[in-house]
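Visitor: Hi! Could you walk me through this one?
Guide: Happy to, have a look here.

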Amino acid sequence: MSGPADTLAARWAEVRARVDAACRAAGRDPADVTVLPVSKTFAPEVVREAAALGLNRFGENKVQELREKTTALADLPLEWVLIGHLQTNKARDVARLASEVQSLDRLNLAEALHRRLDAEGRALDVLVQVKTSPEESKHGLPPEELPAFLDRLRDYPTLRVRGLMTMAVQSDDAEAVRACFRLLCELRDAAVGLGHALPRLSMGMSGDFPLAIAEGATEVRIGTAIFGRR
């Protein structure tokens, strides 16, 4: 039986408190780390409840779900962030509906998004997803290809490159997880040294965000800890 401590409001307050505590433990200002609530697989009514708490920016994995929720919640001033692997044939919907893409990892996707955004007369914030984990199931640009990729993205003015994103290895070994986050931070620093402005690092989820914050995350993507089990 669920009680007051198991409400969406209570879970959100607990997540924000845990993020703030992780920031303080890392010697960082809690104001420097944002939380992206990941609403994938949860119904529009749940997102509406979250919006009533003051949340207005949500992460989604699939374009079809993004499309359904933007229709169902069109009366609310929400921003939608695509964090899942994106196929080029879905670029049109993303260019029309999303406020940001955090999973840009290849040139043909950049080209498809740019073409659609140009037609819509829009620009889009994007993060480059880098594969810092050895797992086959993880998507992302190989780390060694990042400098050249960032240079090529300058050819697409509708794509506003804001930073990098990664998913750490799924492991009980905290050092293995931290290494993924540390690598992303090092890659960002190297790219900044080459003249790229990349203020944002999106890394860390419900199970590992304190480690990500310790390694420099500016945004953590939290689903289960806010919305409950899927």
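Visitor: Is Lys-138 buried or exposed?
Guide: This is a predicted model, where local features need pLDDT of at least 70, side-chain atom pairs count only at pLDDT 80 or more, and totals for chains, interfaces and linings use all residues. Residues are numbered from 1 along each chain as its sequence is written, and side-chain values use heavy atoms, with hydrogens and water left out. Lys-138 has 12% relative accessibility, so Lys-138 counts as buried (under 20% relative accessible area, with over 50% exposed and partly exposed in between, using a 1.4 Å probe and protein chains only).

Visitor: Where is Lys-138 found?
Guide: Lys-138 is in the loop between strand 5 (124-129) and helix 6 (146-153); helices (H or I, at least four residues) and strands (E, at least two) are DSSP runs, numbered from the N terminus.

Visitor: And what does Lys-138 touch?
Guide: Leaving aside residues up to four places away in sequence, its contacts include Lys-131, Ser-133, Met-167 and Gln-170, contact meaning heavy atoms within 4.5 Å. The C-alpha atoms of Lys-138 and Gln-170 are 10.0 Å apart.

Visitor: Which backbone oxygen does the side chain reach?
Guide: The side chain of Lys-138 reaches that of Ala-168, at 3.3 Å.

Visitor: New topic: how many aromatic pairs are there?
Guide: The structure holds two. In one of them, Phe-58 and Trp-80 have ring centres 5.9 Å apart and planes at 40°, so the pair is tilted (rings of Phe, Tyr and Trp, its six-membered ring, pair with centres within 6.5 Å; planes under 30 degrees apart are stacked, over 60 edge-to-face, the rest tilted). Phe-58 lies in strand 2 and Trp-80 in strand 3, 22 residues apart.

How values were computed: A polar contact is a pair of N or O atoms within 3.5 Å; within protein, one must be able to donate a hydrogen and the other to accept it, and residues adjacent in sequence count only if both atoms are side-chain atoms.
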